[in-house]
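Welcome! Have the model open beside you as you read, and try to find each part as it comes up.

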Amino acid sequence: MRAAVMGAGSWGTATAKVLVDAGVPTTIWARRPALAEQIDADHTNGDYLSGISLPAELRASSEVATVLDGADIVVCAVPSQSLRANLSDWLPHLESDATLVSLAKGIESNTLLRMSEVIAEVSGFPAGQIAVLSGPNLAREVAEGQPAATVIACSDEVRGERLQTAFATGYFRPYTNTDVAGCEIGGAVKNVIALACGMAGGVGFGQNTLATIITRGLAETIRLAVAVGARIETLAGLAGIGDLVATCSSPLSRNRTFGARLGQGASMEEAQEATNGQVAEGVKSCTSVRALAVEHGVEMPLTDAVHQVCHGGVSVAEAISSLLGRSIKPEIYRD
């Protein structure tokens, strides 16, 4: 088995390290030749994972054809809104029986498709050849070899189990799941909720507020996931509450950091600087997640508030006031 990781950001690089540590020959694609050379020759990625030593066995190249040649596992590690264009470029070089694994957590803006649906549409591959990896996986902690678990979701259970073996190391424990939709909705919405948690922390609110946002954010996530056909128990697992807690609580989270800067009064441009130019997926996903919720008739007030702050000119203080002014209701209700 041979793997190609398409994207040399922090999570793509950490995932490539996991695969090599699991004994899978792996090559990573970096768009910039200089970064590919740094990874290949110096075994570091100073742009995204400074201070982390990468395995000497990890190869890197900026040539798509070189990286994808003979790859059984192709890990799609580019941001969600650029996945379609990138995959279109990679398509002529993909092996016909390759398994495509999505790391991207988002909903495509124009189509409201989940990432596995984008991959299927662009590649023409059947659903059983497409998988999603999602869980409480902060890239730096994984790259440091700290214990972590994840979910590999694939409708083909046998293929999912092969991936499970390929990604399993002494510090990284994958679980399988066939609920692709549930894992993807959990991964997309948690970035939006992390922005809300960051905003609350930036304003100066404490743990009560954080716990409230996480819990009510989970309720929003479950409502949307069930509406698109996912299983509720998936959201009680690693790709749901696990990923949500990690992203909402850790200062390593780009989305939480971005939201915190907004809560402190920074502009969108200033908040972007706080994440060192890296993509905070929730900034774009809040709009597409909100639109998907409207399409399915699902109420998502936190998501709506984040969208209004990021794209509607509403201040964090105004958004908080609006949320607190909502009518009171049962915690759990049914239509």
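Let's begin with a pair of strands: β7 (residues 148-154) and β8 (residues 172-177) run parallel and are joined over 6 bridges. Keep in mind that you are looking at a predicted model. From these strands we move to another set of paired strands, and then to the residues that UniProt annotates as binding sites.

**Strands β7 and β8**

- To see the pairing at a single position, find I152, whose bridge partner in β8 is T176.
- Helix α7 (residues 157-167) joins the picture here, as β7, α7 and β8 together form a right-handed β-α-β unit.

**Strand β5 and its partners**

- On one side of the story is strand β4 (residues 73-76), which pairs with β5 in the parallel sense over 4 bridges.
- Within that pairing, V75 has V101 of β5 as its bridge partner.
- Helix α4 (residues 83-90) completes a right-handed β-α-β unit with β4 and β5.
- Strand β5 also pairs with strand β6 (residues 130-134), again in the parallel sense, over 3 bridges.
- In this second pairing, L100 stands opposite I130 of β6.
- Going from β5 to β6, the chain passes through α5, and this β-α-β crossover is right-handed.
- Which way do the side chains of β5 point? T99 and V101 point one way, while L100 and S102 point the other way, and all of them are buried.
- This fits a general rule: in a regular strand, side chains alternate between the two faces of the sheet.

**A binding site of three residues**

- An unreviewed UniProt entry has a "binding site" annotation that covers K105, R254 and N255.
- Why can these residues be said to gather at one spot? They span 151 residues in sequence, yet no two of their C-alpha atoms are more than 13.0 Å apart, so they come together in one place.
- From this set, K105 is part of the lining of the largest cavity.
- R254 lies in helix α11 (residues 254-263).
- Is R254 buried or partly exposed? Its relative accessible area is 31%, so R254 counts as partly exposed.

**A closer look at K105**

- You will find K105 in the loop between β5 (99-102) and α5 (115-123).
- K105 has a relative accessible area of 13%, which means that it is buried, as the cut-off for buried is under 20%.
- Leaving out residues up to four places away in sequence, K105 touches several others, including S80, L133, D243 and E281.
- A polar atom of the K105 side chain lies 3.4 Å from the backbone oxygen of G135.

**The longer list of binding-site positions**

- UniProt (unreviewed entry) also places the feature "binding site" at a set of positions that includes S10, W11, K105, A139, R254 and E281.
- W11 is found in helix α1 (residues 10-21).
- With a relative accessible area of 15%, W11 is buried.
- Neighbours within four places in sequence aside, W11 is in contact with L103, L133, N137, A139, V142 and F172.
- A139 is found in helix α6 (residues 139-143).
- A139 counts as buried too, at 13% relative accessibility.
- Beyond residues up to four places away in sequence, A139 touches S10, W11, A14 and L49.

How values were computed:
Residues are numbered from 1 along each chain as its sequence is written. This is a predicted model: local features need pLDDT of at least 70, side-chain atom pairs count only at pLDDT 80 or more; totals for chains, interfaces and linings use all residues. Side-chain values use heavy atoms; hydrogens and water are left out. UniProt positions are given in the numbering used here, feature names are shortened, and annotations may be inferred rather than shown by experiment. On a 1 Å grid over the protein atoms alone, a cavity is a set of points where a 1.4 Å probe fits but cannot get out, and a pocket is an open set with protein on both sides within 12 Å along at least five of seven lines; lining residues have an atom within 4 Å of a point. Helices (H or I, at least four residues) and strands (E, at least two) are DSSP runs, numbered from the N terminus. Buried means under 20% relative accessible area, exposed over 50%, partly exposed in between (1.4 Å probe, protein chains only). Contact means heavy atoms within 4.5 Å. A polar contact is a pair of N or O atoms within 3.5 Å; within protein, one must be able to donate a hydrogen and the other to accept it, and residues adjacent in sequence count only if both atoms are side-chain atoms. Two strands pair if DSSP finds at least two bridges between them. A crossover is right-handed if, with the strands pointing away from the viewer, the path from the first strand over the helix to the second runs clockwise.
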